[in-house]
Amino acid sequence: MIKITPVMKDLLDNALADGTPCLIGTASKDGHPQISPKGSVAVYDDQTLCYWERSHRSSQKRLGENENVVVYYRNPARKENPYRASCIRFHGRARLVTSGPERDCAWELTNHEEQSKDPEKKGAAVLIDVELIEEIDSKVIMKRD
């Protein structure tokens, strides 16, 4: 069962301010991988992460081709981080949301610094249904049933 913990939420909420934005791994329809930093990763609900996609570049295109993503978080400076090598990987399926209440909610969860980079709110929400949370050594923390 996936239930994102308060500790995970706190780590993600502070990632950009700590200078350790999350990295999002996407892949093309042919499986070619790409890593992109995303400073707006947040916990949408107990089983879902979100971020604000404002660049409209290749990672957004890849989401339309292949919904499988990984969110990589690492910050050894956070002493309350109990995970091996201070690393958490969230694996899941992503979808782009361009209008409606889910988009609005993701915008509200986006930190002020990232919102200020999209003052006209032209971006889109990306919601990630988390299927697996693991440590750096692939030790499973949680898995969807």
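How many helices and strands does the protein chain have? The predicted model contains four helices and eight strands.

**Figure 1. Overall fold of the protein chain in the predicted model.** Read from the N terminus, the elements follow the order α-β-β-β-β-α-β-β-α-α-β-β. The C-alpha trace extends over about 40 × 35 × 25 Å along its principal axes. The radius of gyration is 14 Å, which agrees with the value near 15 Å that a compact globule of 145 residues would have. Of the contacts with a separation of 6 or more, 68% join residues 24 or more positions apart. Buried residues account for 45% of the 145 residues. The accessible surface amounts to about 7,600 Å², and carbon and sulfur atoms contribute 50% of this area. The chain carries 22 positive and 23 negative charges, whose mean positions lie 4 Å apart.

**Figure 2. Close-up of the aromatic pair formed by tryptophan 52 and tryptophan 107.** The structure holds one aromatic pair. In this pair, tryptophan 52 and tryptophan 107 adopt an edge-to-face arrangement, with 4.8 Å centre to centre and 65° between the planes. Distant parts of the chain are linked by the pair: tryptophan 52 belongs to strand β4 (residues 48-53) and tryptophan 107 to helix α3 (residues 101-109), 55 residues apart. Tryptophan 52 and tryptophan 107 are both buried.

**Figure 3. Close-up of lysine 9 in helix α1.** Helix α1 spans residues 6-13 and includes lysine 9. This lysine counts as partly exposed because its relative accessibility is 36%, between the limits of 20% and 50%. Apart from residues up to four places away in sequence, lysine 9 touches Ile4 and Val43. From lysine 9 to tryptophan 107, a member of the aromatic pair in Figure 2, the C-alpha to C-alpha distance is 16 Å, with their positions 98 residues apart in sequence counted as separation.

**Figure 4. Close-up of cysteine 87 in strand β6.** Strand β6 covers residues 87-97, and cysteine 87 is part of this strand. Is cysteine 87 buried or exposed? Cysteine 87 is buried, because its relative accessible area is 0% and burial requires a value under 20%. Beyond its neighbours within four places in sequence, cysteine 87 is in contact with Tyr72, Tyr73, Arg74, Asn81, Glu134, Glu135 and Ile136. One of these contacts, tyrosine 73, is 14 residues from cysteine 87 along the chain, and the two C-alpha atoms are separated by 5.6 Å.

**Figure 5. Close-up of two loop residues with positive phi, lysine 121 and serine 138.** Lysine 121 is placed in the loop that joins α4 (112-116) to β7 (124-134). Its phi is near 55°, a positive value in a residue other than glycine. With a relative accessibility of 27%, lysine 121 is partly exposed. Serine 138 occupies the loop between β7 and β8. For serine 138, phi is near 70°, again a positive value in a residue other than glycine. The relative accessible area of serine 138 is 43%, so this residue is partly exposed.

**Figure 6. Close-up of isoleucine 141 in strand β8.** Strand β8 comprises residues 140-143, among them isoleucine 141. A relative accessible area of 26% makes isoleucine 141 partly exposed. When residues up to four places away in sequence are set aside, isoleucine 141 touches Met8, Tyr83, Ile88, Ile133, Glu134 and Glu135. Proline 33, 108 residues apart from isoleucine 141 in sequence, is 24 Å apart from it in space, C-alpha to C-alpha.

**Figure 7. Close-up of arginine 144 in the segment after β8.** Arginine 144 is partly exposed, its relative accessibility being 33%. Residues up to four places away in sequence being excluded, arginine 144 touches Ile2, Gln47, Asp129, Val130 and Glu131. Valine 126 is 18 residues away from arginine 144 along the chain, and a distance of 20 Å separates their C-alpha atoms.

Note on methods
Residues numbered from 1 in each chain as written. Predicted model: local features only at pLDDT ≥ 70, side-chain atom pairs only at ≥ 80, totals over all residues. Heavy atoms only, no water. Helix = DSSP H or I, 4+ residues; strand = E, 2+ residues; numbered from the N terminus. Buried < 20%, exposed > 50% of the residue type's maximum accessible area, 1.4 Å probe, protein only. Contact = heavy atoms within 4.5 Å. Phe/Tyr/Trp six-rings, centres within 6.5 Å; stacked < 30°, edge-to-face > 60°. Rg over C-alpha atoms; globule rule 2.2 N^0.38 Å. Areas by Shrake-Rupley, 256 points an atom, 1.4 Å probe, with all protein chains shown as cover. Lys, Arg positive; Asp, Glu negative; His and termini not counted. Charge placed at Lys NZ, Arg CZ, Asp CG, Glu CD.
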